[in-house]
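Let's take a walk through this one, a stop at a time. Pull up the viewer and keep the sequence handy.

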Amino acid sequence: MTPRAALLAPPAYVSAALCRHVDPTLSELCGSIRYVTSVNVALGYSRDRVQHPLEGWGFVVPRAETRRLRSASWVSSKWPDRAPTGHALIRASLGSAAAPSFQQA
């Protein structure tokens, strides 16, 4: 029996190369997917060192601000068991099309 479907899970540019000779249209579509560099950083603090009440879920930075910081999430407020008692876990997401690359200092 000939398979009717395949699941590809590499980055889109790799999928484009893999299916170039099998399905040129799919290859072109995969090759046109734009990537933006992104980084997620987990920050752990003793809760008494964080002055912010960490109420809610965090914040999103508007795209018009053109900042590398895109959002911050109060992980330990959303899911209390993600950090030990007396500690805060904050996740920062960085990256944007306005600042597409991160350079080593």
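One thing before we start: what you're looking at is a predicted model. Let's begin with Ile33, which comes out as partly exposed because its relative accessible area is 46%, and the bar for buried is under 20% while exposed means over 50%. To find Ile33, go to the loop that runs between helix 2 (24-31) and strand 1 (39-46). Ile33 has company out there: together with Tyr13 and Tyr35 it makes up a nonpolar patch on the surface, and the three share about 360 Å² of accessible area.

Now step back into helix 2, where you'll find Leu29. Leu29 counts as exposed, since its relative accessible area of 52% falls in the range over 50%. If you'd like a distance to check in your viewer, try Leu29 against Ser15: they sit 14 residues apart in sequence, and their C-alpha atoms are 9.8 Å apart in space.

Next up, the cysteines. How many disulfides does the model have? The count is 0. As a reminder, a disulfide is a covalent bond between the sulfur atoms of two cysteines. So why is there no bond for Cys19? The closest cysteine sulfur to that of Cys19 belongs to Cys30, and at 4.9 Å it is too far for a bond, because the cut-off is 2.5 Å. Looking from the other end tells the matching story: for the sulfur of Cys30, the closest cysteine sulfur is the one in Cys19, again at 4.9 Å and too far away to bond. As for their surroundings, Cys19 is buried, with a relative accessible area of 6%, and Cys30 is buried too, at 14%.

On to the rings. The model has 1 aromatic pair. It's made by Phe59 and Trp74, whose ring centres are 5.9 Å apart and whose planes meet at 65 degrees, so it's an edge-to-face pair; the threshold for that label is over 60 degrees. This contact ties together distant parts of the chain, with Phe59 in strand 2 (residues 58-60) and Trp74 in strand 3 (residues 69-74), 15 residues apart. Are the two partners buried or exposed? Phe59 is partly exposed, with a relative accessible area of 36%, whereas Trp74 is buried, at 8%.

Last stop: Trp79. Here the charged end of Arg82 sits over the ring, 5.0 Å from the centre of that ring.

Definitions and conventions:
Residues numbered from 1 in each chain as written. Predicted model: local features only at pLDDT ≥ 70, side-chain atom pairs only at ≥ 80, totals over all residues. Heavy atoms only, no water. Patch = residues over 30% accessible without salt bridge, like charges linked within 9 Å, V, L, I, M, F, W, Y side chains within 5 Å. Areas by Shrake-Rupley, 256 points an atom, 1.4 Å probe, with all protein chains shown as cover. Salt bridge = Lys/Arg side-chain N within 4 Å of Asp/Glu carboxyl O. Helix = DSSP H or I, 4+ residues; strand = E, 2+ residues; numbered from the N terminus. Buried < 20%, exposed > 50% of the residue type's maximum accessible area, 1.4 Å probe, protein only. Phe/Tyr/Trp six-rings, centres within 6.5 Å; stacked < 30°, edge-to-face > 60°. Lys NZ or Arg CZ within 6 Å of the ring centre and 35° of its normal.
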